[in-house]
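Here is a friendly walk through one protein chain, with salt bridges, empty spaces and a few single residues as the stops along the way. Have the structure open as you read.

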Amino acid sequence: MNKIFFVIYFLISIPALRGVERSMNQPLSYDLKNRQNLIYNEDDRLLSEVSSRGSNSFSISYFLVDNYKITDSKDMFEQVFKNGDDSINTGYLILSGTKYLYRGWVDFTSGVNLGVSFSSGNGYFESNTVSNTNFKLWSIPVDLSLGMDVSLGRFIKVGLSGGPSAMMLLQSRDDMEQGEEFKRVRQFGYGYFGTGKAMISLSNIFTSSGFSLYSERGVSQMYLTIEARYHKFGNFQDEITNEGLSYGLGLSFDYL
C-alpha cells in the first residue's frame, strides 16, 4: 500500500498549484524531532490531532459513469457524441481547490472547480446516414462552490456542495482547412451544479503511510472520495442544454 502513497506524491507536488503545498520554509505545527524514538501509537495520536486542522484542500475526481444528456434543436448532439457507433465520451475530470471557512463537527467550505470532458463522433447527413466527417467536442465547466462536510467518526465524513457554474464548449471538425469559419466553434453557457460525496480517510486507516504524507508533505488528511455530481447548463449561442447526473471516484488532500 505504501507504493500507492508514493505514486500520488506527484499529484501533491505540482508547482503550479500555489497555495496548495505549504512553503518549504514553513515549520510544521507539531514537533517531529527524534522520530526514531516515537512508536506507532504516537503516529496514530498525532494524526488524530491534526486530522481536523487542515486549512486548504485539493482534490481530483473522475466521473466516468454518467446519465447527463445534451439536447439541441435538431437532437444531433446525443446522436453524434454519445449514441453513434464511433462515438467516444470520456466523462468529466474535475480538479478542485477548497478553503475551509470553519472547522468543527461540521466544516464549512468555499472553493473553485475546473473540469474537462472530451467527446468525438461522426456527423450525419440530412438523410440520417453517417458521414465521414469527425467532430470533436471539449466541455469545460468552471464552478464556484459553497459546501459543508459532516464527520461521522474518525474514518468517514460526508459532504454537500453547490453553486453557480459556467461551461465552455469547443467544437472542431476535420473536413475543413485551418482558418475556415466553422472549423472551430466556441460557445459559452451558464447554470449550476451540486455535488454529494462520502470521504474515507486513508490516512487514518493506513497510519504509517499517512504520517509520512504529513511529515514530508504537510498533508494532514488524504481521503478516497465517492461522489455524485449534478449539473445543468443552458444559455448557449445555440439552443443547447447540458443536464444530468454523474458518478465518480477521487482523491482529496487536506493541507495545514
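Arginine 173 counts as partly exposed, because its relative accessibility is 22%. Its salt-bridge partner is aspartate 175, with 2.7 Å between the closest N and O atoms. Aspartate 175 is partly exposed too, at 40% relative accessibility. Please keep in mind that this is a predicted model.

The count of salt bridges comes to five. Some of them share partners, and in this way Arg103, Asp107, Asp149 and Lys157 are joined into one network. Three of the bridges are set out here.

| Basic residue | Acidic residue | N to O distance |
|---|---|---|
| Arginine 173 | Aspartate 175 | 2.7 Å |
| Arginine 103 | Aspartate 107 | 3.1 Å |
| Arginine 229 | Aspartate 143 | 2.7 Å |

In the bridge between arginine 103 and aspartate 107, the acid is buried at a relative accessible area of 4%, while arginine 103 is partly exposed at 21%. For the bridge between arginine 229 and aspartate 143, what does the pair tie together? Arginine 229 belongs to strand β8 and aspartate 143 to strand β5, so the bridge links parts that are 86 residues apart in sequence. Arginine 229 is buried at 3% relative accessibility, and aspartate 143 is buried at 1%.

Strand β8 (residues 219-234) also holds glutamine 221. Is glutamine 221 buried or exposed? Glutamine 221 is buried, because its relative accessible area is 0%. Its side chain has a polar contact of 2.6 Å with the side chain of serine 201, and another of 3.3 Å with the side chain of asparagine 204.

Next to β8 there are two backbone details to look at. Glycine 218, just after helix α5, has a positive phi of about 75 degrees. Within α5 (residues 207-217), the buried residues include Thr207, Phe211, Leu213 and Tyr214. Asparagine 235 sits in the loop between β8 and β9 (241-255), and its phi is near 60 degrees, a positive value in a residue other than glycine. For context, most residues other than glycine have a negative phi.

Now for the empty spaces. There are three cavities of 30 Å³ or more, and the largest has a volume of about 300 Å³. It is lined by 26 residues, of which Ser96, Thr98, Asn113, Ser161 and Lys197 are the closest to its centre. Elements giving two or more residues to this lining include β1 (56-66), β3, β8 and β9. The most comes from β5, with five residues.

The largest pocket holds about 880 Å³ of space. Its lining has 27 residues, and those closest to the centre are Met76, Phe77, Phe135, Gln171 and Asp238. At least two lining residues come from each of α3 (76-81), β4, β5, β6 and β7.

On the outside, Leu101, Tyr102, Phe108, Leu146, Met148 and Leu160 make up a nonpolar surface patch, together offering about 650 Å² of accessible area. Strands β3 (88-102) and β5 (130-151) are the elements that give two or more residues to the patch. Tyrosine 102, in strand β3, is partly exposed at 49% relative accessibility. Lysine 99 is also found in strand β3, and is partly exposed with a relative accessible area of 41%. The C-alpha atom of lysine 99 lies 9.1 Å from that of glycine 54, although these residues are 45 apart along the chain.

How values were computed: Residues are numbered from 1 along each chain as its sequence is written. This is a predicted model: local features need pLDDT of at least 70, side-chain atom pairs count only at pLDDT 80 or more; totals for chains, interfaces and linings use all residues. Side-chain values use heavy atoms; hydrogens and water are left out. Patches are made of residues with over 30% relative accessible area and no salt bridge: like charges are joined within 9 Å, nonpolar side chains (Val, Leu, Ile, Met, Phe, Trp, Tyr) within 5 Å. Accessible areas come from the Shrake-Rupley method with a 1.4 Å probe; for residues, only the protein chains shown count as cover. A salt bridge is a side-chain nitrogen of Lys or Arg within 4 Å of a carboxyl oxygen of Asp or Glu. Helices (H or I, at least four residues) and strands (E, at least two) are DSSP runs, numbered from the N terminus. Buried means under 20% relative accessible area, exposed over 50%, partly exposed in between (1.4 Å probe, protein chains only). A polar contact is a pair of N or O atoms within 3.5 Å; within protein, one must be able to donate a hydrogen and the other to accept it, and residues adjacent in sequence count only if both atoms are side-chain atoms. On a 1 Å grid over the protein atoms alone, a cavity is a set of points where a 1.4 Å probe fits but cannot get out, and a pocket is an open set with protein on both sides within 12 Å along at least five of seven lines; lining residues have an atom within 4 Å of a point. Grid points are joined across faces, edges and corners, and a volume is the space filled by probe spheres set on the points.
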